[in-house]
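Please work through the exercises below with the sequence and coordinates open. Each task is followed by a solution in steps.

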Amino acid sequence: MVNNSYQAALFDLDGVVFDTESQYSIFWGGQGKIYHPAMSDFAQRIKGQTLEQIYDGYFSDGLESEREIITQRLNAFEAHMNFPYIAGFQQFVAQLRERGLKTAVVTSSNQAKMEQVYAKRPEFRSFFDEILTAEDFAASKPDPDCYLTAARRFGVAPAHCLVFEDSINGLKSGKAAGMTLVGLSTTNPAEVVSAWADKVMADYQDNPLQVLSIPNKK
């Protein structure tokens, strides 16, 4: 039975809307080899973090001068990135909107990154009622502020929001916001994601509207 109480669907970006995580793993894996060669899992460690969080956590204590260089490398890398959609996403988000749900992107990416997205995917904005980026939040994931901000934009209670996330920080954020969590196993294994999510999906194929049947939070 479809649960008609959901009023908003809130999507992270990388690994949730776009299948880009493998590209970022290449970039951050390269930076890890340069600056933290002892951390073979550096690219995995920083998944779901903002650039500011990455810098604070891994580029302090004498590495501050490298931040501007890394930012320049990242900007150049993103300028040449591809933004393929997760399988079935376009059809799925259209179905949600047909059913009256508001849709938003809630991402730790900054506005400069989004300009690259808009340039390469001009149809992207049409899928969403709101696009919230790192500049819109007082605190980053895993803090719930980003998802609570999105709910307020729509005037929707957290209990009536679905969150789509792939990173552990993102899932923690949605959980702390009191929302229903759909975990995408695009970045982390399904068994890891399932510890946080109310439902786990590999992509948006194979009857994705079943997420509307998940009992919402009370």
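The exercises concern a predicted model and proceed from the whole chain to single residues.

**Exercise 1. Overall dimensions**

Determine whether the radius of gyration of the protein chain agrees with that of a compact globule.

Solution. Step 1: the protein chain has 218 residues, for which a compact globule would have a radius of gyration near 17 Å. Step 2: the value for the chain is 17 Å, so the two agree. Step 3: for the extents, the C-alpha trace spans about 55 × 35 × 30 Å along its principal axes. Step 4: the secondary structure within these extents comes to nine helices and six strands.

**Exercise 2. Burial, contacts and charge**

State what share of the residues is buried and what share of the contacts with a separation of 6 or more joins residues 24 or more positions apart.

Solution. Step 1: buried residues amount to 48% of the 218 residues. Step 2: of the contacts with a separation of 6 or more, 67% are between residues 24 or more positions apart. Step 3: the exposed surface is about 9900 Å², of which carbon and sulfur atoms supply 49%. Step 4: the chain carries 20 positive and 27 negative charges, and the mean positions of the two sets are 4 Å apart.

**Exercise 3. A residue of strand 1**

Classify L10 as buried or exposed, and list its contacts beyond four places in sequence.

Solution. Step 1: L10 belongs to strand 1, residues 8–11. Step 2: its relative accessibility is 0%; buried means under 20%, and L10 therefore counts as buried. Step 3: beyond its neighbours within four places, L10 touches A104, V106, Y147, A150, F154, C161, L162, V163, F164 and M179. Step 4: R99 lies 89 residues from L10 along the chain, with a C-alpha separation of 15 Å.

**Exercise 4. Two loop residues**

Compare the settings of T187 and E64, and identify which polar partners their side chains have.

Solution. Step 1: T187 sits in the loop between strand 5 (180–184) and helix 9 (190–193), whereas E64 sits in the loop between helix 3 (51–58) and helix 4 (67–79). Step 2: T187, at 15% relative accessibility, counts as buried; E64, at 39%, counts as partly exposed. Step 3: the side chain of T187 makes a polar contact of 2.5 Å with the side chain of D166. D166 also appears among the contacts of T187 beyond four places, together with G15, E21, Q44 and K47. Step 4: the side chain of E64 instead reaches backbone nitrogens, that of D61 at 3.1 Å and that of G62 at 3.0 Å.

**Exercise 5. Helix 8 and its cover**

Identify which residues of helix 8 are buried and what covers them.

Solution. Step 1: helix 8 comprises residues 168–176, and its buried members are N169, G170, L171, S173 and G174. Step 2: their cover includes helix 7 (145–154), strand 4 (161–165), strand 5 and helix 9. Step 3: after the helix comes G178, with a positive phi near 80°.

**Exercise 6. Backbone geometry**

Locate the cis peptide bond, and give the phi values of D206 and N207.

Solution. Step 1: the cis bond joins K141 and P142, with omega about 20°. Step 2: P142 is in the loop between strand 3 (130–132) and helix 7. Step 3: D206, in the segment after strand 6 (199–201), has a positive phi near 60° without being a glycine. Step 4: N207, in the segment after strand 6, has a positive phi of about 55° and is not a glycine either. Step 5: the relative accessibility of D206 is 70%, so D206 counts as exposed.

Methods: Residues are numbered from 1 along each chain as its sequence is written. Side-chain values use heavy atoms; hydrogens and water are left out. Helices (H or I, at least four residues) and strands (E, at least two) are DSSP runs, numbered from the N terminus. The radius of gyration is taken over C-alpha atoms; the globule rule is 2.2 Å times the number of residues to the power 0.38. Buried means under 20% relative accessible area, exposed over 50%, partly exposed in between (1.4 Å probe, protein chains only). Contact means heavy atoms within 4.5 Å. Accessible areas come from the Shrake-Rupley method with a 1.4 Å probe; for residues, only the protein chains shown count as cover. Lys and Arg count as positive and Asp and Glu as negative; His and the chain ends are not counted. The place of a charge is taken as NZ of Lys, CZ of Arg, CG of Asp or CD of Glu. A polar contact is a pair of N or O atoms within 3.5 Å; within protein, one must be able to donate a hydrogen and the other to accept it, and residues adjacent in sequence count only if both atoms are side-chain atoms.
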